[in-house]
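I opened my notebook to look up a ligand and one strand. Here is what I am working from.

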Amino acid sequence: MRIGIACFPTYGGSGIIATELAHQLAKKHELHLISYDKPVRLKDEGFSFHKVELFSYPLFERAPCCYSLALASRLATVIKTNSLDIVHAHYAVPNAASAYLAKKICNDSVRVITTLHGTDSYLVGNHPSYKEVTRFSMEQSDALTTVSEYMRRHTMTDFDISREISVIPNFVDPQRFSRCKKDQQQKIVCHSSNFRQIKRIPDIIRAFKIISEEIKCKLIFVGDGPGRTEAEEMAKNLGISKNIEFLGNVRNVQKIIGRSDLFLLPSQDESFGLAALEAMSCEVPVVVSDVGGLRELVSHDVDGYLTKVGDVEAIAQYSLKILQDLGLQEKLGRNARKKVLENYTPGRIVPMYEDLYEETLEK
Ligand code: GMT
């Protein structure tokens with residue numbers, strides 16, 4: 001098949017899944033990736049990257065419509081030049097709408113698949129400013145997928161959609177995300193995200209204060225985003241900043257996660273929780289919020305622990321339970337890795353996308 005993938009290139013789950021999917025599909029198909037910049041995990045091998053160039057104009061300053069149009073235009077060119085069979089839009093806003101427009105420009109010569117990653121439907125796409133276009137783009141896509149059963153139900157209710165939505169979970173490369181040898185005895189707690197409010201970073205810092213009063217340990221934050229400065233301030237004010245490292249965005253996140261003893265993800269909501277999946281692949285037990293897709297991913301007391309959103313005391317107590325009992329930590333980690341190998345590898349998930357592409361082309 002000749003496939004085009006449109007995604008966001010930044011540090012965020014949707015762009016990461018889209019890029020990893022492109023790497024996997026390029027082993028068997030002709031693959032084109034379209035975005036405004038090279039995605040952070042792009043390996044530059046096996047497929048073509050098409051950059052969406054923006055044209056700035058004073059009129060656009062307060063009404064930035066240009067990206068959706070530039071993307072539609074670029075997609076239409078790539079579809080025509082390469083006779084694409086499929087355009088797979090990751091993230092509904094604006095990628096699905098741009099893909100629809102490009103398809104129409106190309107006289108319906110291509111099929112559009114849209115994957116909803118979470119915030120694109122329940123946060124951004126659901127906002128009154130975008131809702132009508134998001135619903136329309138979902139309805140018009142030739143196939144619609146999302147990453148968890150929770151997201152499927154949520155989308156059907158929020159958008160009053162009756163059409164089929166296939167659930168295709170996130171996946172991770174278990175070779176890359178595997179346990180690394182630790183070079184220090186001290187326990188390491190880790191979190192990685194884009195520091196948006198939804199991630200509840202202050203809960204991690206408060207929980208870590210309780211943990212670090214009981215045992216000697218270090219907290220490592222990977223990633224960057226709007227909540228980082230506030231988090232650094234908070235750590236200083238609580239007098240624990242010497243035990244916390246803010247690494248910012250790093251290239252080899254697996255090396256940091258793979259050396260950790262525990263991974264925390266206390267999000268307000270999470271459509272799947274790719275960061276937790278990456279930790280589980282590295283045999284790292286997780287303590288996560290009992291919400292959304294995390295509930296489908298993590299089995300309480302088997303491969304991690306689920307806590308009520310905002311329950312800092314519970315996060316701290318489950319964390320201490322894991323960090324103070326190496327046997328338990330290793331058992332949870334082994335179970336987590338086993339779950340990943342059985343359910344969430346590229347070998348299991350990528351064929352689900354390929355089958356969907358084939359079914360859609362046959363329709
Ligand atoms: O979590 C983020 O802030 C990034 C976001 C995105 O859209 O890039 O991630 C979403 O998509 C990931 C890949 O499908 C999921 O694993 C994340 O759970 C989801 N984030 C949220 O729902 C908050």
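I first fixed a term: a polar contact is a pair of N or O atoms within 3.5 Å; within protein, one must be able to donate a hydrogen and the other to accept it, and residues adjacent in sequence count only if both atoms are side-chain atoms. By that rule I looked at N194, whose side chain has an N or O atom 2.7 Å from an oxygen atom of the ligand. For the side chain of H117 I read 2.6 Å to a ligand oxygen.

I noted the ground rules. The model is predicted, local features need pLDDT of at least 70, side-chain atom pairs count only at pLDDT 80 or more, and totals for chains, interfaces and linings use all residues. Residues are numbered from 1 along each chain as its sequence is written, and side-chain values use heavy atoms, with hydrogens and water left out.

Next, the shell. I found 18 residues around the ligand, where near means a heavy atom within 4 Å. Among the closest are K199 and R196. Where does the ligand lie? Domain 1 (2-170 + 346-362) and domain 2 (187-343) both give residues to the shell, so the ligand lies between them. The domain bounds come from an automatic or database assignment.

Last, strand β1, residues 2-6. Strands are DSSP runs of E, at least two residues, numbered from the N terminus. Four of the five residues in β1 are buried, meaning under 20% relative accessible area (1.4 Å probe, protein chains only). β1 runs parallel to β2, with five bridges. I5 stands opposite L33 there.

Conventions. Buried < 20%, exposed > 50% of the residue type's maximum accessible area, 1.4 Å probe, protein only. Pairing = 2+ DSSP bridges.
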